[in-house]
Structure formats: structure tokens, C-alpha cells
Amino acid sequence: MSEIKLIDDIVASSRRIAVVGLSANPARASHAVAAYLQRQGYEIVPVNPEGGTILGQQVYPDLSAVPGDIDIVDVFRRPEAVPAIAEEAVRRGGIKVFWMQLGIQHEEAARLLREHGITVVQDHCLKVEHQSRK
């Protein structure tokens with residue numbers, strides 16, 4: 001399947017997005033992207049060890065604490081943090097897509113995720129991809 005078709009399918013079929021590294025600061029890219037996706041009807045699940053609420057949603061300290069299935073794990077963390085997040089995603093289960101935002105790539109983590117049946121997108125912005133398909 002082409003990358004374009006893969007992203008089309010992900011954007012169309014996903015509803016619940018766990019945003020790892022979601023910031024409460026509206027000036028941060030993670031906040032702007034999550035707010036946009038929320039306005040488009042996606043359920044946003046903030047993941048940040050600081051806790052509290054962001055965008056009116058309860059914040060979970062890590063992926064393991066998030067109840068229910070997750071369609072997309074949208075990662076806003078530095079590339080060196082990705083392997084630990086990927087390992088947690090594999091252990092947790094119930095995740096369909098692991099999405100690394102613009103500027104984030106990690107081939108070893110991507111290989112691990114694919115070996116466990118999780119679709120991987122690297123170095124793409126979910127907001128940009130959604131907007132280009134409207």
C-alpha cells in the first residue's frame with residue numbers, strides 16, 4: 001500500500017488519539033495539533049506525566065494508564081524518547097497506529113512496532129495530513 005493511501009485510511013478510520021507529550025501551553029505545536037483534531041471530532045487522550053487536564057480531557061501519565069483501545073498514538077517527543085514509548089505501546093496492546101510527528105523518526109522503534117502489527121508513520125504532521133484530505 002502506498003504511503004498516501006495508508007495515511008488516507010488512517011485519517012478516515014481513526015477516532016481516538018492518544019497524544020504523547022501533549023502540552024497545556026497553547027503556543028506549543030502539540031497543543032495546536034490536538035486542539036485542531038479535537039475540533040474535527042477526534043477524541044483526544046492527553047498523555048503527559050504532569051497530569052491534570054488539557055483541552056478539557058483528563059491527562060494520563062503514560063500509555064499504560066489510558067483505558068480502552070487507542071487508534072493512534074501521536075508522539076510529540078524527541079526521537080531518543082521514542083523507543084521507550086514504542087515498547088510501552090507494544091506491551092499495552094490495543095494500538096493500531098504509532099504516529100511520529102514532523103522531525104521525529106526512529107527506525108529501530110518502527111521495526112519493533114511493525115513486528116507487533118502496529119502501523120507506523122514517521123515524520124508527518126497529523127494536522128497537516130488531515131487538512132490536506134478535507
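Strand β6, residues 95-100, is mostly tucked away in this predicted model: five of its six residues are buried. Its partner is β5, residues 70-75, and the two strands run parallel, joined by five bridges. Two of the residue pairs can be picked out by name. I70 sits opposite I95 in β6, and V75 has M100 of β6 as its bridge partner.

Strand β5 itself is covered too. Six of its six residues are buried, so the rest of the structure largely encloses this strand. Besides β6, β5 also pairs with β1, again in the parallel sense, this time over four bridges. Here I17 is matched with I72 of β5. Strand β5 thus has parallel pairings with β1 and with β6. As a reminder for reading these strands, side chains in a regular strand alternate between the two faces of the sheet.

Now for the helix that packs against some of this. Helix α2 covers residues 29-39, and its buried residues are S30, H31, V33, A34, A35, Y36 and L37. What lies over them? The cover includes the strands β1 (16-20), β2 (43-47), β3 (53-54) and β5, along with helix α5 (126-132). So β5, with six of six residues buried, is also part of what shields α2. On the geometry of helices in general, an α-helix has 3.6 residues a turn, so residues three or four places apart point the same way. After α2 comes G41, which has a positive phi, near 105°.

Positive phi values also turn up at two residues that are not glycines. One of them is L55, with a phi of about 55°. L55 belongs to the loop between β3 and β4 (57-58), and it counts as partly exposed because its relative accessibility is 22%; the cut-off for buried is under 20%. The other is D123, where phi is positive at about 60°. D123 lies in the loop between β7 (119-121) and α5, the latter being the helix that helps to cover α2. With a relative accessibility of 29%, D123 counts as partly exposed as well.

Zooming out, the protein has five helices and seven strands. Read from the N terminus, the order of elements is α-β-α-β-β-β-β-α-β-α-β-α. The C-alpha trace spans about 35 × 35 × 25 Å along the principal axes. The radius of gyration is 13 Å, which agrees with the value near 14 Å for a compact globule of 134 residues. Of those 134 residues, 48% count as buried.

Contacts between distant parts of the chain figure heavily in the tally. Among contacts with a separation of 6 or more, 59% link residues 24 or more positions apart.

As for the outside, the accessible surface comes to about 6,700 Å², and carbon and sulfur atoms make up 48% of that area. The charged side chains number 15 positive and 17 negative, with the centres of the two sets 5 Å apart.

Terms used
Residues numbered from 1 in each chain as written. Predicted model: local features only at pLDDT ≥ 70, side-chain atom pairs only at ≥ 80, totals over all residues. Heavy atoms only, no water. Rg over C-alpha atoms; globule rule 2.2 N^0.38 Å. Buried < 20%, exposed > 50% of the residue type's maximum accessible area, 1.4 Å probe, protein only. Contact = heavy atoms within 4.5 Å. Areas by Shrake-Rupley, 256 points an atom, 1.4 Å probe, with all protein chains shown as cover. Lys, Arg positive; Asp, Glu negative; His and termini not counted. Charge placed at Lys NZ, Arg CZ, Asp CG, Glu CD. Pairing = 2+ DSSP bridges.
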